[in-house]
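I am opening a fresh notebook page for a structure I have not met before. Below are my short entries, in the order I looked things up.

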Amino acid sequence: MCENHRKQMYCLYCKTCKRLVCPECIVVTHSMHSFDNLENTLRENIDLLSCVASDIQNNIVNAYIQHENTLDENIMDVQKEYDMLMKRISRQEEKLKILIEEESNKLRNNLTNERNRVVELITKERVYYYEQRIKLKLFKDKIENKTLIENDLKDVIDTVNEFESMNKFHPIYIAHKEMMIDYKKKEILQFKQ
């Protein structure tokens, strides 16, 4: 039965539109088209489908299988490339870790050396000040136990000169010396009046 004209039966095959048609279809929409009878159309299409089935079995399916195999190989190739690149990244990471560790160790060594240098300088300065303190204590004992008791002018002047040479660069002594000079000036000024 015709899909468009329900009461009509198919009578021909329209080669132009590649569909079955009834008498009413021919008059309405297919009047100038090329037609074939139903038997001939059936035989030709059955032969065609037999060839298609054989081609599917022998060629098309094999082509799909080959393409699937190619795709599987592509997946394996991608995985191999991925594995190779991951190994390369890991090797590069190890090299970078070694370089970073070497640089970090150089920085640590430099910092340690600098700290040791500064500590050594400070320690030397501390030893120097300790020795100076001991000398000053001995010097003080000399002043109290000899110079001030004996009142020898040459010994007094030598002791003052010795004290100044011992402490001429020490900031506290410089300030102390300025105070002494100020004090002596005041004393002199007061004395002159």
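**Entry 1: the order of the elements.** I began by reading along the sequence, and the chain follows the pattern β-β-α-β-α-α-α. In total I get 4 helices and 3 strands. I am noting here that this is a predicted model.

**Entry 2: the chain as a whole.** Next I looked up how much of the chain is tucked away. Of its 193 residues, 10% count as buried. The accessible surface comes to about 16,900 Å². Carbon and sulfur atoms account for 60% of that surface. I also looked at contacts between residues with a separation of 6 or more, and 18% of these join residues that are 24 or more positions apart.

**Entry 3: a histidine in a loop.** Where does H30 sit? I found H30 in the loop between α1 (23-28) and β3 (35-36). Is H30 buried or exposed? H30 counts as buried, because its relative accessibility is 6% and the cut-off for buried is under 20%. I then listed what H30 is in contact with, leaving aside neighbours within four places in sequence. The list reads C14, C17, R19, V21, C25 and F35.

**Entry 4: an isoleucine in helix α1.** I moved on to I26, which is found in helix α1. I26 has a relative accessible area of 19%, so I write I26 down as buried, the limit being under 20%. Which residues does I26 touch, not counting those up to four places away in sequence? My list has C11, L12, V21, S31 and F35. I looked up the pair I26 and C11 in more detail: they are 15 residues apart in sequence, and their C-alpha atoms are 9.6 Å apart in space. Comparing my two lists, I see V21 and F35 in both the H30 entry and the I26 entry.

**Entry 5: searching for salt bridges.** A reminder to myself before the search: side chains of opposite charge can pair when their charged atoms come close. How many salt bridges does the whole structure hold? The search finds 10. I picked a few to look at one by one.

**Entry 6: K97 and E93.** The side chains of K97 and E93 meet in a salt bridge, with 3.9 Å from N to O. That falls under the cut-off, since a salt bridge is a side-chain nitrogen within 4 Å of a carboxyl oxygen. Why are K97 and E93 about one helical turn apart? They are 4 residues apart in helix α2 (residues 38-150), so about one helical turn separates them. K97 is partly exposed, with a relative accessible area of 45%. E93 is partly exposed too, with a value of 40%.

**Entry 7: E120 and K124.** I stayed in helix α2, where E120 and K124 both lie, 4 residues apart and about one turn of the helix from each other. E120 forms a salt bridge with K124, and the closest N and O atoms are 3.5 Å apart. E120 is partly exposed at 46% relative accessible area, whereas K124 is exposed at 53%. The line between these two classes is drawn at 50%, so the partners get separate labels.

**Entry 8: K154 and D158.** For this pair I went to helix α3 (residues 153-167), where K154 and D158 sit 4 residues apart, about one turn of the helix. Their side chains meet in a salt bridge of 2.9 Å, N to O. K154 is exposed, with a relative accessible area of 57%. D158 is partly exposed, with 36%. I added a note on linked pairs: salt bridges that share partners join E93, E94 and K97 into one network.

**Entry 9: charged patches.** Which residues form a negative surface patch? I noted E68, D72, E73, D77 and E81. I looked up D77 from this group: D77 lies in helix α2 and counts as partly exposed at 44% relative accessibility. There is a positive surface patch as well, formed by K87, R88, R91 and K95. From that group I chose R88, which is found in helix α2. At 45% relative accessibility, R88 counts as partly exposed.

Key:
Residues are numbered from 1 along each chain as its sequence is written. This is a predicted model: local features need pLDDT of at least 70, side-chain atom pairs count only at pLDDT 80 or more; totals for chains, interfaces and linings use all residues. Side-chain values use heavy atoms; hydrogens and water are left out. Helices (H or I, at least four residues) and strands (E, at least two) are DSSP runs, numbered from the N terminus. Buried means under 20% relative accessible area, exposed over 50%, partly exposed in between (1.4 Å probe, protein chains only). Patches are made of residues with over 30% relative accessible area and no salt bridge: like charges are joined within 9 Å, nonpolar side chains (Val, Leu, Ile, Met, Phe, Trp, Tyr) within 5 Å. Accessible areas come from the Shrake-Rupley method with a 1.4 Å probe; for residues, only the protein chains shown count as cover. Lys and Arg count as positive and Asp and Glu as negative; His and the chain ends are not counted. The place of a charge is taken as NZ of Lys, CZ of Arg, CG of Asp or CD of Glu. Contact means heavy atoms within 4.5 Å.
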